[in-house]
Every structure is written in C-alpha cells, then in structure tokens.
Amino acid sequence: PYIEAKIMPDTLPPKEEQYIAFAGLGYPDKFFNTLREDCGLTLIKTIPYPDHHPYNAKDVDFLWHEARRSGAKLITTDKDKTRLPDDFKVVTLPITVEFSNEKALVSLIKGVLE
C-alpha cells in the first residue's frame with residue numbers, strides 16, 4: 001500500500017515578524033518551504049547547514065549577528081534547537097507528521113517487527 005507523510009505545524013509563529021531560517025537537515029529547503037508556503041512566514045534569509053550539524057560558537061555568533069543586523073527573528077527546527085546553547089534565543093516550529101494511511105503504516109511496522 002502507498003503511504004504518504006505530511007508535515008503539519010503544531011503552532012504558527014507570528015506572521016507579522018520577519019525571520020532568518022536555519023536548519024541542519026538532509027533537505028533544509030523542505031523546512032524553508034514549509035515556513036513560507038504552509039505557515040505564511042516572511043523569510044529574509046535562509047541558512048542551510050549539513051544534516052546533524054554540531055553548532056559551534058562561531059555559528060551561534062554568526063546567526064546572532066545576522067539577526068541583530070537585519071532586525072529579524074531566528075527560526076529553526078526543534079531538532080536543531082537541541083544542538084544550540086540553552087540561552088540562545090530562537091523560535092522553533094514544532095511539527096506533527098500525519099500519515100495518509102495509518103492502518104497500512106501500522107501493518108507495515110508489525111510486519112517488520114515480526
């Protein structure tokens with residue numbers, strides 16, 4: 001059976017703000033497109049990093065300066081937030097994955113586990 005997954009934002013950040021989006025994902029453009037198209041956010045800049053990027057002090061400093069210079073807020077994924085310092089101010093986009101055919105998915109998983 002065919003199973004599709006769609007990313008659904010749990011809560012939307014304020015649309016009246018401008019954002020600089022960054023993400024260390026395998027396909028960061030999908031995240032950036034979700035912010036623009038599904039959430040209706042204005043992204044003035046996008047900064048892709050490699051998947052599972054370990055953010056260092058230089059990265060944090062660069063991101064902070066970009067946000068301060070432009071007056072935009074930083075936004076990233078919950079996954080990326082866990083790799084940033086606790087005191088680093090950033091908006092995240094919590095998501096839920098919705099599957100088109102949950103019964104088929106459960107059946108597939110059970111088949112693999114058995």
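Strands here are DSSP runs of at least two residues, numbered from the N terminus. Strand E6 covers residues 95-99, and Ile95 lies in that strand. The model is a predicted one.

Start with the surface. Ile95, Val97 and Phe99 make a nonpolar patch there, of about 230 Å². How accessible is Ile95, and what does Ile95 count as? Its relative accessibility is 40%. Buried means under 20% and exposed means over 50%, so a residue in between is partly exposed. Ile95 therefore counts as partly exposed.

Ile95 also leads to the largest pocket, as one of its lining residues. About 200 Å³ of space lies in this pocket. Which other residues line the largest pocket? Ile7, Leu25 and Tyr27 do, along with Lys30, Phe31 and Thr34. Thr77, Asp78, Lys79 and Leu93 complete the lining together with Ile95. Two helices each supply at least two residues of this lining: helix H1 (28-38) and helix H3 (78-81). H1 gives the most, with three residues.

Now turn to the aromatic rings. A pair of rings is described by two values, the distance of the centres and the angle of the planes. Rings pair if their centres lie within 6.5 Å, and planes over 60 degrees apart count as edge-to-face. By this rule the model has three aromatic pairs.

Take Phe22 and Tyr55, one of these pairs. Their ring centres are 5.7 Å apart and their planes stand at 85°, so the pair is edge-to-face. Where do the two partners sit along the chain? Phe22 is in strand E2 (residues 18-24). Tyr55 is in the loop between strand E3 (42-49) and helix H2 (57-70). The two residues are 33 residues apart, and the pair links distant parts of the chain.

Are these partners buried or exposed? Phe22 has a relative accessible area of 0%, so Phe22 is buried. Tyr55 has a relative accessibility of 10% and also counts as buried.

Tyr55 has a further partner, Tyr49. The rings of Tyr49 and Tyr55 have centres 5.1 Å apart and planes at 80°, so this pair is edge-to-face. Tyr49 counts as buried because its relative accessibility is 11%, and the cut-off for buried is under 20%. Phe22, Tyr49 and Tyr55 form one aromatic cluster.

Definitions and conventions
Residues are numbered from 1 along each chain as its sequence is written. This is a predicted model: local features need pLDDT of at least 70, side-chain atom pairs count only at pLDDT 80 or more; totals for chains, interfaces and linings use all residues. Side-chain values use heavy atoms; hydrogens and water are left out. Rings of Phe, Tyr and Trp (its six-membered ring) pair if their centres lie within 6.5 Å; planes under 30 degrees apart count as stacked, over 60 as edge-to-face and the rest as tilted. Helices (H or I, at least four residues) and strands (E, at least two) are DSSP runs, numbered from the N terminus. Buried means under 20% relative accessible area, exposed over 50%, partly exposed in between (1.4 Å probe, protein chains only). Patches are made of residues with over 30% relative accessible area and no salt bridge: like charges are joined within 9 Å, nonpolar side chains (Val, Leu, Ile, Met, Phe, Trp, Tyr) within 5 Å. Accessible areas come from the Shrake-Rupley method with a 1.4 Å probe; for residues, only the protein chains shown count as cover. A salt bridge is a side-chain nitrogen of Lys or Arg within 4 Å of a carboxyl oxygen of Asp or Glu. On a 1 Å grid over the protein atoms alone, a cavity is a set of points where a 1.4 Å probe fits but cannot get out, and a pocket is an open set with protein on both sides within 12 Å along at least five of seven lines; lining residues have an atom within 4 Å of a point. Grid points are joined across faces, edges and corners, and a volume is the space filled by probe spheres set on the points.
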